[in-house]
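Let's play "how do you know?" with a protein. Take a look first, then we'll check the words people use for it, one at a time.

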Amino acid sequence: MKWQNKMEKITYGRQTISQEDIDIVVKALYSSAITQGEYVPALEKALKEYTGAKYAVAVSSGTAALHIAYAALGLKENDEIITCANTFAATGNAALYIKAKVKFADIKPDDFLIDEYKINSLVTKNTKIIVPIHYAGLTCNMEEINKTAENYNIKIVEDACHALGSCYKNSKTGSCKYSNAAVFSFHPVKHITTAEGGAILTNDEEVYKTSLLLRSHGMEKVNFKNVPDSPTYHEMQLLGYNYRMTDIQAALGISQLKRADDFIKRRLEIADIYYDAFKDNNKITMQKKYSDRLNSHHLFSVLFETNELRDKVYYYLKENNIFTQIHYMPVNKHPYYEILGYDYKETPLAYDFYRRELSLPVYPLLTNEEVYFVIDKISTALKVL
């Protein structure tokens, strides 16, 4: 029997919790170790099997995953990353934690992803990592980005926090076929949840080993650099963090991952309904489809003709108990980044996108009746506003 809190309002995203999820979490609570126990390694094994990557490191959040991935790939003070302005602030923040610098490329207006042909002009001798954002669940043009990285001998970290279960040219996101690492988020509105949590996927053994150290204070209990001088000897080999995931969270993630493909199938069904409903509406632009990519639709983004129309639709939907969201204010527009000298006008397409974008409800528990209710209210709003 499935269990789920009944919620009257329609939100843009929501977790899907089953009785099986509850049972495994309770089982984990009764285990001898609810942190650093058996469930985190089991989740990591499941993530490797799901993505095809050689190594997985589960951590406390998607932000922690970004921070560790950057550091494990050698990003240092005054180094640079290149990423996209259309992302959550954490993508840039994780580089700032290391005192590195961020350069923002603009997006393409049809698929809302980083413009891979604008990356070259941002590369300098200090560029160390390119961070493509698989916005909404659609993968970037990884072949072209990989060519650029190889030309300049720089690394790639895929910010795949939106993109569990997506595919690019028959490669599942997280396999790291075109990158040095990929990171996921398991926040409640994502494809699967561990309440809060994330993971780093990689095929590089050194990145994996360094990530393990960084996750837990830089402490090593096996491969010592010095001679052990006590029965419980351990040593701190680098400055790490407490970014561990609990076994309670990992247990939830194991249960959720078993249903990930079912979750994504339902998201695709909902997306198809939206695409069909708005395909002839000249007031709405939807994310471009590609025949060689599977968009796993963490979000369903639409653009309205103008900012004023978007805002009016947003409030009209809210009056009808439909709570949409806007993704994202460009990172270079946040006051903290403005203080650092960033200017959102340098990425005008990302800013225009932010001014006209609305994320519609898309999550597995959403019924067709609710989807058509959302469509009806948007259609009505476009007629009366």
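**Cavities, pockets and sheets**

Q: What lines the largest cavity, and which residues lie nearest its centre?
A: There are 13 lining residues, and Glu 158, Tyr 168, Lys 172, Thr 173 and Tyr 178 lie nearest the centre of the largest cavity. One thing to keep in mind is that this is a predicted model.

Q: What makes the largest cavity a cavity?
A: It holds about 70 Å³ of space. The word "cavity" applies because a 1.4 Å probe fits there but cannot get out. The structure holds two cavities of 30 Å³ or more.

Q: How do the residues lining the largest cavity divide by class?
A: Four are nonpolar, six polar and three charged. Careful with the tyrosines, though: Tyr counts as nonpolar here, so Tyr 168 and Tyr 178 go in that group.

Q: What lines the second largest cavity, and how much space lies in it?
A: It has about 40 Å³ of space. Among the residues around it are Arg 14, Gln 15, Thr 16, Pro 188 and Phe 263. By class, that lining has three nonpolar, four polar and three charged residues.

Q: How much space lies in the largest pocket, and why is it called a pocket?
A: About 710 Å³. It gets the name because a pocket is an open set of points, with protein on both sides within 12 Å along at least five of seven lines. The lining has 27 residues, and the closest to the centre are Leu 212, Leu 213, Arg 215, Ser 216 and Met 219. Helix H2 (39-51), helix H6 (205-215) and strand E11 (219-220) are the elements that give two or more residues to it.

Q: Which element gives the most to the lining of the largest pocket?
A: H6 does, with seven residues. By class, the whole lining comes out as 11 nonpolar, eight polar and eight charged residues.

Q: What is the volume of the second largest pocket, and how many residues line it?
A: The volume is about 410 Å³. The lining has 23 residues, with Phe 88, Ser 185, His 187, Lys 190 and Tyr 328 nearest the centre. Helix H3 (62-72) and helix H4 (90-96) each supply at least two of the lining residues, and H3 has the largest share, three residues. Sorted by class, you get eight nonpolar, 12 polar and three charged.

Q: How do you know that E13 and strand E15 pair, and in which sense?
A: They share three bridges and are antiparallel. At least two bridges are needed for a pair, so E13 and E15 pass. Ile 284 and Phe 304 are bridge partners here, and Met 286 stands opposite Val 302.

Q: How many bridges join E15 to E17?
A: Four, and these strands run antiparallel. With at least two needed, they therefore count as a pair. Phe 300 has Leu 360 in E17 as its bridge partner.

Q: What is the strand order in this open sheet, and which are the edge strands?
A: The order is E13-E15-E17. E13 (284-286) and E17 (357-360) are the edge strands, since each pairs on one side only. From one strand to the next, the twist averages 35°. Helix H8 (residues 260-278) packs on the sheet, touching E13, E15 and E17, and helix H9 (residues 307-319) packs on it too, touching E15 and E17.

Q: What makes E15 mostly covered?
A: Buried means under 20% relative accessible area, and five of its five residues are buried. Phe 300, Val 302 and Phe 304 sit on one side, with Ser 301 and Leu 303 on the other. That split fits the rule that side chains alternate between the two faces in a regular strand.

Q: Why is strand E6 called mostly covered?
A: Four of its five residues are buried, with the cut-off again under 20%. Strand E5 (residues 127-131) and E6 are parallel and have two bridges, which just meets the "at least two" requirement, so they are a pair. Ile 130 stands opposite Ile 156 in E6.

Q: What joins strand E7 to E14?
A: Two bridges, in the antiparallel sense. Tyr 168, met at the largest cavity, has Arg 293 in E14 as its bridge partner.

How values were computed
Residues are numbered from 1 along each chain as its sequence is written. This is a predicted model: local features need pLDDT of at least 70, side-chain atom pairs count only at pLDDT 80 or more; totals for chains, interfaces and linings use all residues. Side-chain values use heavy atoms; hydrogens and water are left out. Axes are lines fitted to C-alpha atoms, for helices over the stretch in contact, and angles run from 0 to 180 degrees between N-to-C directions. Contact means heavy atoms within 4.5 Å. On a 1 Å grid over the protein atoms alone, a cavity is a set of points where a 1.4 Å probe fits but cannot get out, and a pocket is an open set with protein on both sides within 12 Å along at least five of seven lines; lining residues have an atom within 4 Å of a point. Grid points are joined across faces, edges and corners, and a volume is the space filled by probe spheres set on the points. Buried means under 20% relative accessible area, exposed over 50%, partly exposed in between (1.4 Å probe, protein chains only).
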